[in-house]
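The following explanation is intended for a reader meeting this structure for the first time. It proceeds from one helix and its surface to the interior, and then to the loops.

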Amino acid sequence: MYFNHWAKPLYVLFCAPFAQFGFIGAQIFNVLVGYFTVLSTYFIIKRLNVSYPILCFILFLSAPLFVLMSISGLTELLFALFISLSLLLTLKKQTILSACLISFLPFIRSEGLIIIGVVSLYYVFIKELKYILYLSLGTIIYSIAGYFFYNDIFWVFTKIPYANMTKLYGSGTILHFFEQLNYVIGIPIYILFGIGLLYLFFKFLKKQLSFEILFLVIGSFLAFFVAHSVFWYLGIFNSFGMKRVLIAVIPLIIIIAMYGIQFIMDTILHKKIKKGIVTIILIYIVIFPFTSNPAAYNKTKDFELENSQQNAYHIYNFLERKNLIQYNCYFDFCYFFILYNNKSFEDKQHTWLYKERLQQLSKNDIIIWDNWYAQHQYGISLDTLIKMEQQLRLKKIFEVNSSQKDKFIIYQAL
């Protein structure tokens with residue numbers, strides 16, 4: 001996992017000590033990462049002399065998906081932290097250290113290559129080409145370290161799993177992420193973000209915008225946003241159109257939204273009216289996540305087990321009742337790893353269901369087939385198992401409202 005692009009090597013490196021305490025440990029790691037992301041963004045906004053920088057804490061904590069991602073084991077927040085820290089270091093004129101941090105972004109998420117491209121352009125425009133060399137540091141270090149595992153000095157490039165031009169997960173409209181951003185940060189922050197973007201555009205036309213804001217804030221966000229929009233539209237690079245990817249650049253989103261507040265401050269001259277409007281906006285921002293709006297929190301969806309996870313619990317209890325828990329069990333739905341308390345990829349008793357494993361079954365082995373991961377991720381159709389009727393016995397079917405993703409079928413090898 002330390003040298004696996006899909007696992008995100010640098011995230012694994014940082015999260016591993018926390019993960020020794022289970023999923024809760026990984027969640028604590030992400031909470032800490034989220035906290036330092038907010039804190040570093042606050043210092044960026046303060047350094048940019050934007051009005052009321054303390055308000056960024058409210059904006060972060062009122063962005064529904066940011067809070068939910070903070071209690072996950074996903075990689076977007078660490079990417080966001082590196083983005084904010086590198087920008088802060090640039091503003092503090094510690095450019096070498098900033099470039100070194102950015103060089104490791106592709107090992108947190110592959111979109112780091114996009115950010116490296118934008119930052120390279122920034123160094124070209126400020127005529128500091130020497131810093132571009134530092135953007136290769138992460139690749140050099142990981143290439144050398146991974147060589148001893150793969151015996152391939154170019155593994156960083158040859159082992160990329162995303163270099164796939166087929167529509168593995170489908171495709172969608174070019175405006176998909178314009179719609180999804182609303183569900184990431186909520187309507188009020190989205191409006192402030194739009195105002196901030198227009199405000200900065202006019203500052204650019206008046207030649208009042210620094211290269212740091214132009215390239216590292218607006219440029220990085222737009223490059224990231226447009227790239228994902230195009231990837232999903234074309235269905236390339238294993239894009240799944242997931243809105244959570246936008247959390248990776250949430251420091252940039254919040255900075256631009258803060259410029260939206262700055263615009264209000266600059267436009268309204270009357271002090272009491274100005275404070276009144278800002279107060280109303282902040283109240284709306286804080287209340288919004290708890291409204292019934294589709295972009296707000298959903299108690300059942302966001303804070304309770306999904307149908308598929310509930311099904312997994314029922315299946316595990318069923319296997320216990322039938323005294324089948326003692327046998328080898330193969331599955332593709334990851335939640336079973338938690339239920340089986342599987343702490344290692346070396347566990348051969350409770351592990352992945354691959355096509356090849358179907359040819360290597362022992363008597364009494366349990367197969368848990370699901371109609372999403374097994375079928376779409378690993379290419380094991382239900383017909384494949386039905387054709388093995390001489391080797392498998394159907395034990396039970398678990399299904400919730402005929403959901404596309406929530407059907408499980410239990411087989412036992414004869």
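**A guided reading of the model**

L222 is a residue of helix α12. The model is a predicted one, and this residue offers a convenient starting point. L222 is partly exposed, because its relative accessible area is 36%, a value between the limits of 20% and 50% that separate buried from exposed residues. The residue also belongs to a nonpolar patch on the surface, formed by I174, L175, F178, L222, V226, V230, Y233 and L234. Together these residues have about 670 Å² of accessible area. Helix α12, which spans residues 211–234, gives the most to this patch, with five residues.

Helix α12 also serves as cover for another element. The buried residues of helix α10 are covered by elements that include α4 (64–70), α11 (187–205), α12 and α13. Helix α10 comprises residues 176–185, and seven of its ten residues are buried, so the helix is largely enclosed by the rest of the structure. The buried residues in question are H176, F177, Q180, L181, N182, V184 and I185. Just after α10, G186 adopts a positive phi of about 85°.

Helix α5, formed by residues 76–91, provides a further case of enclosure. Of its 16 residues, 15 are buried, and α5 is therefore largely enclosed by the rest of the structure. From its first C-alpha to its last, this helix reaches 23 Å, close to the 22 Å expected at 1.5 Å a residue. Just after α5, K93 has a positive phi of about 65°.

Attention may now turn to the interior. The largest nonpolar core contains 90 residues, and within it I250 and M258 touch the most other members. Helix α13, residues 250–267, supplies the largest share of this core, namely twelve residues. Apart from this core lies another, of 20 residues, which includes I315, L319, C329 and F333. Leaving aside residues up to four places away in sequence, M258 touches I45, V50, S51, Y52, P53, L55, C56 and L59.

One of these contacts, I45, falls within the range of helix α2, residues 23–47. This helix has 25 residues and extends 36 Å from its first C-alpha to its last, close to the 36 Å expected at 1.5 Å a residue. Just after α2, N49 takes a positive phi of about 60°.

F333, named above as a member of the 20-residue core, is also touched by Q309, as is Y335, when residues up to four places away in sequence are not counted. Q309 lies in helix α16 and counts as buried, because its relative accessibility is 19% and the limit is set at under 20%. E306 is located in the loop between α15 (299–303) and α16 (307–321). E306 is partly exposed, with a relative accessible area of 49%. Although E306 and D406 are 100 residues apart in sequence, their C-alpha atoms are 9.1 Å apart in space.

Two further loop residues complete this account. N151 is placed in the loop between α8 (137–150) and α9 (155–158), and K207 in the loop between α11 and α12. Each is a residue other than glycine with a positive phi, near 55° for N151 and near 60° for K207. N151 counts as exposed at 63% relative accessibility, and K207 is exposed with a relative accessible area of 78%.

Notes:
Residues are numbered from 1 along each chain as its sequence is written. This is a predicted model: local features need pLDDT of at least 70, side-chain atom pairs count only at pLDDT 80 or more; totals for chains, interfaces and linings use all residues. Side-chain values use heavy atoms; hydrogens and water are left out. A nonpolar core is a set of buried Ala, Val, Leu, Ile, Met, Phe, Trp, Tyr and Cys residues joined through side-chain atoms within 4.5 Å. Buried means under 20% relative accessible area, exposed over 50%, partly exposed in between (1.4 Å probe, protein chains only). Helices (H or I, at least four residues) and strands (E, at least two) are DSSP runs, numbered from the N terminus. Contact means heavy atoms within 4.5 Å. The expected span of a helix is 1.5 Å times one less than its number of residues. Patches are made of residues with over 30% relative accessible area and no salt bridge: like charges are joined within 9 Å, nonpolar side chains (Val, Leu, Ile, Met, Phe, Trp, Tyr) within 5 Å. Accessible areas come from the Shrake-Rupley method with a 1.4 Å probe; for residues, only the protein chains shown count as cover. A salt bridge is a side-chain nitrogen of Lys or Arg within 4 Å of a carboxyl oxygen of Asp or Glu.
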